[in-house]
Amino acid sequence: MAEVGALGAAAHWKLEEWCSDWVEQAACRGVETELFYSSSRSQVTKAIGICERCLVQTKCLKAADKLERGMGLKMISGVWGGLTADERILRRRVLNEVLRRGNPDGRCVNGEPN
Ligand code: SF4
């Protein structure tokens with residue numbers, strides 16, 4: 001698989017199997033992967049701009065969720081699904097809290113502890 005934006009990282013982690021069905025539609029195809037992992041604010045803004053016109057943004061975000069589940073927060077990086085690492089971490093916390101409040105046993109729907 002050629003490197004395609006943030007998905008280049010997915011390929012690096014040998015995750016082609018679960019993203020290959022939608023990778024062909026990724027707006028970041030052919031864009032340098034580094035753009036999605038830059039520390040430059042202008043580069044990050046540019047990457048997010050590409051994500052905003054991507055037809056598979058939701059699938060990409062779900063892939064990031066799957067990839068990052070169980071990862072330490074310091075391991076989470078890059079722009080995926082139009083969100084920065086910090087935004088995805090915040091999103092995960094909010095979703096976990098909403099799910100925890102909705103479940104009397106305090107566990108997420110997928111059975112994982114918060
Ligand atoms: S949402 Fe962004 S990172 Fe994800 S596939 Fe689309 S362009 Fe690439």
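Buried residues account for 21% of the 114 residues in the protein. The structure discussed here is a predicted model, with a mean pLDDT of 81 and 73% of the residues at 70 or more. Confidence is lowest in helix α1 (residues 7-12), where the mean is 53, and highest in α3, where the mean is 97. A word of caution belongs here: where pLDDT is low, the predicted coordinates should not be read in detail.

The secondary structure consists of 5 helices and 0 strands, so that the order of elements from the N terminus is α-α-α-α-α. Of the contacts between residues at least 6 apart in sequence, 49% join residues at least 24 apart.

The interior comes next. The largest nonpolar core has 12 residues, namely Val-23, Ala-26, Cys-28, Phe-36, Ala-47, Cys-51, Val-56, Cys-60, Ala-63, Ala-64, Val-79 and Trp-80. Helices α3 and α4 each supply at least two residues of this core, and the largest share, 3 residues, comes from α4. As background, nonpolar side chains in soluble globular proteins tend to be buried together.

The ligand offers a second view of these helices. Its surroundings comprise 16 residues, of which Ala-26, Cys-28, Cys-51, Cys-54 and Cys-60 come nearest. Both α3 (41-52) and α4 (57-68) contribute at least two residues each to this shell. By class, the shell has 12 nonpolar and 4 polar residues, and no charged residues. Readers following the core may recognise some of these names, since Ala-26, Cys-28, Cys-51 and Cys-60 are listed among the core residues and also among those nearest the ligand.

Three individual residues help to fill in the picture, beginning with Arg-88. This residue is found in helix α5 (residues 85-102). Arg-88 counts as buried because 21 other C-beta atoms lie within 10 Å, and the threshold for that class is 20 or more. Leaving aside residues up to four places away in sequence, Arg-88 touches Ala-64, Glu-68, Ile-76, Trp-80 and Leu-83. Among these partners, Ala-64 and Trp-80 belong to the largest nonpolar core. For Glu-68, which lies 20 residues from Arg-88 along the chain, the separation between the two C-alpha atoms is 9.4 Å.

Glu-34 is located in the loop between α2 (16-19) and α3. With 14 other C-beta atoms within 10 Å, Glu-34 is partly exposed. A pairing across the sequence is also worth a look here: Glu-34 and Gly-78 are 44 residues apart in sequence, and their C-alpha atoms are 8.9 Å apart in space.

Gln-43 is found in helix α3, the element in which confidence is highest. This residue has 16 C-beta neighbours inside 10 Å and therefore counts as partly exposed. Once residues up to four places away in sequence are set aside, Gln-43 touches Leu-35 and Ser-38.

Conventions. Residues numbered from 1 in each chain as written. Predicted model: local features only at pLDDT ≥ 70, side-chain atom pairs only at ≥ 80, totals over all residues. Near = placed C-beta within 6 Å. Helix = DSSP H or I, 4+ residues; strand = E, 2+ residues; numbered from the N terminus. Nonpolar A, V, L, I, M, F, W, Y, C, P; charged D, E, K, R; others polar. Contact = placed C-beta atoms within 7 Å. Core = buried A, V, L, I, M, F, W, Y, C linked by C-beta atoms within 7 Å. pLDDT = per-residue confidence, 0-100.
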